Amino acid sequence: MTKQEALESLSLTLHDIGFAPDEAESYMRLALEGDSTCAQRMLMLNQKRRKMLDEIHFHEKQLDRLDYLRYEIQKKKINQEA
């Protein structure tokens, strides 16, 4: 894989994991600077990961509430049939 192909692949990966265009550009700029920016890039990745986990937990709570509403409807239906 050429350096250009590796950069294109990295750009696609950043997009796929939810980096905004400006975030991806900043990350790419740091990556081009080399190993001296590993700590900064790791910080960016950790922040993105934390944000994604927060969103997952939020959606889990939404699903719990949705499932509770479904349960309530099913419970009423069973009680009406009895």
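Select Tyr-68, Leu-69 and Tyr-71 first: together they make a nonpolar surface patch of about 350 Å². The model is predicted. Leu-69 belongs to helix H3, which covers residues 38-81. With a relative accessible area of 55%, Leu-69 is exposed, while Tyr-71, at 43%, is partly exposed.

Stay on the two tyrosines and show their rings. Tyr-68 and Tyr-71 both sit in helix H3, three residues apart, about one turn of the helix. How many aromatic pairs does the structure hold? There are two.

For one of them, select Phe-19 and Tyr-27, an edge-to-face pair with 6.0 Å centre to centre and 75° between the planes. The other is back at the patch: the ring centres of Tyr-68 and Tyr-71 are 6.3 Å apart and their planes meet at 40°, so this pair is tilted. Colour by accessibility and return to the edge-to-face pair: Phe-19 is buried at 5% relative accessible area, and Tyr-27 is buried as well, at 8%.

Keep Phe-19 on display and add Lys-48. The charged end of Lys-48 sits over the Phe-19 ring, 5.3 Å from its centre. Is Lys-48 buried or exposed? Its relative accessible area is 9%, and because buried means under 20%, Lys-48 counts as buried.

Now add Glu-23. Its side chain meets that of Lys-48 in a salt bridge, 3.3 Å from N to O. Lys-48 is in helix H3 and Glu-23 in helix H2 (residues 21-33), so the pair ties together parts that are 25 residues apart in sequence. Glu-23 is partly exposed, at 29% relative accessibility.

The salt bridges come to four in total. Side chains of opposite charge can pair when their charged atoms come close.

For another of these, move along helix H2 and select Glu-25 and Arg-29, whose side chains meet in a salt bridge of 2.9 Å, N to O. Both residues lie in helix H2, four residues apart, about one turn of the helix. Glu-25 is partly exposed at 48%, and so is Arg-29 at 44%.

Finish in helix H3 with Glu-72 and Lys-75. Which contact joins these side chains? Glu-72 forms a salt bridge with Lys-75, with the closest N and O atoms 3.9 Å apart. The two residues are three apart in helix H3, a separation of about one helical turn. Lys-75 counts as partly exposed, at 34% relative accessibility.

Conventions
Residues numbered from 1 in each chain as written. Predicted model: local features only at pLDDT ≥ 70, side-chain atom pairs only at ≥ 80, totals over all residues. Heavy atoms only, no water. Patch = residues over 30% accessible without salt bridge, like charges linked within 9 Å, V, L, I, M, F, W, Y side chains within 5 Å. Areas by Shrake-Rupley, 256 points an atom, 1.4 Å probe, with all protein chains shown as cover. Buried < 20%, exposed > 50% of the residue type's maximum accessible area, 1.4 Å probe, protein only. Phe/Tyr/Trp six-rings, centres within 6.5 Å; stacked < 30°, edge-to-face > 60°. Lys NZ or Arg CZ within 6 Å of the ring centre and 35° of its normal.
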